[in-house]
Amino acid sequence: MRIRHALAVAAAAAGTLAVVATAPAQAAEYSSALKIKGVQYDAPGRDSNSCSSGNSKAEYLVIKNYSSSTTVNLKGYVVKDATGNKFTFPANHYLEPGDYIKLRGGHGTASDAGNVVYRQNCNFIWNNDKDTIYLYKSSGARADVHSYTKSADDRDGNGYISYHG
């Protein structure tokens, strides 16, 4: 009788583990001051990754420092999508508590005053139908992750999705 009970408990636990393993990526909450505030995954207009006349600068990711007391240096932080396209923040960029930065496509000059960093790449990183956005700390630990689908998460159809308020 104890063996059957133990097997039933093990089977129930395995079922619980299976449920946890299949939970959406954004269900986990990571201990990080920096989080993804929102993403303009679909740049307004017809997509063109031409560096001279395209609209990849209009695609951006907003990362915010949600700490009330800690300044965070973005140097070494990594942003990735589901297929492995990635951007690593190459230089010091400090986010004060409550501050944010827009990581934009295209070429440009990073500006602390303008709260902007450019990926120095005119190709789009986010898919217009669905994708997963990963934010990793410079240590390699995951800071935040969100998946989206255009049909389920962009109710107003403007190409922008908000996270974390």
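1. Contacts in the protein chain (heavy atoms within 4.5 Å) are weighted towards distant sequence positions: of those with a separation of 6 or more, 58% are between residues 24 or more positions apart. The model is a predicted one, in which local features need pLDDT of at least 70 and side-chain atom pairs count only at pLDDT 80 or more, while totals for chains, interfaces and linings use all residues. Residues are numbered from 1 along each chain as its sequence is written, and side-chain values use heavy atoms, with hydrogens and water left out.

2. The protein chain holds 2 helices and 11 strands; these are DSSP runs numbered from the N terminus, helices being H or I with at least four residues and strands E with at least two. Read from the N terminus, the order of elements is α-β-β-β-β-β-β-β-β-β-β-α-β.

3. Of the 165 residues in the protein chain, 35% are buried, a term that denotes under 20% relative accessible area, with exposed over 50% and partly exposed in between (1.4 Å probe, protein chains only). The accessible surface of the protein chain is about 9200 Å², and carbon and sulfur atoms contribute 53% of that area. Accessible areas are from the Shrake-Rupley method with a 1.4 Å probe; for residues, only the protein chains shown count as cover.

4. One open sheet consists of 5 strands in the order 8-7-2-1-11, with mixed pairing; strands are taken to pair if DSSP finds at least two bridges between them. Strand 8 (116-118) and strand 11 (160-162) occupy the edges with a single partner strand each, so one side of each has no neighbour in the sheet. From one strand to the next, the twist averages 25°, with axes fitted as lines to C-alpha atoms (for helices over the stretch in contact) and angles running from 0 to 180 degrees between N-to-C directions.

5. Strand 2 (residues 60-65) and strand 7 (residues 100-104) run antiparallel and are joined by 5 bridges. Tyr-60 has Arg-104 in strand 7 as its bridge partner.

6. Strand 9 (residues 130-136) merits separate attention. Of its 7 residues, 6 are buried. Strand 9 pairs in the antiparallel sense with strand 4 (residues 78-80) over 3 bridges, where Tyr-136 of strand 9 stands opposite Val-78.

7. Strand 9 also pairs with strand 10 (residues 142-149), again in the antiparallel sense, over 7 bridges. Across this pairing, Ile-133 stands opposite His-146 in strand 10. The two strands form a hairpin with 5 residues between them, and Gly-140 in the turn has a positive phi of about 100°.
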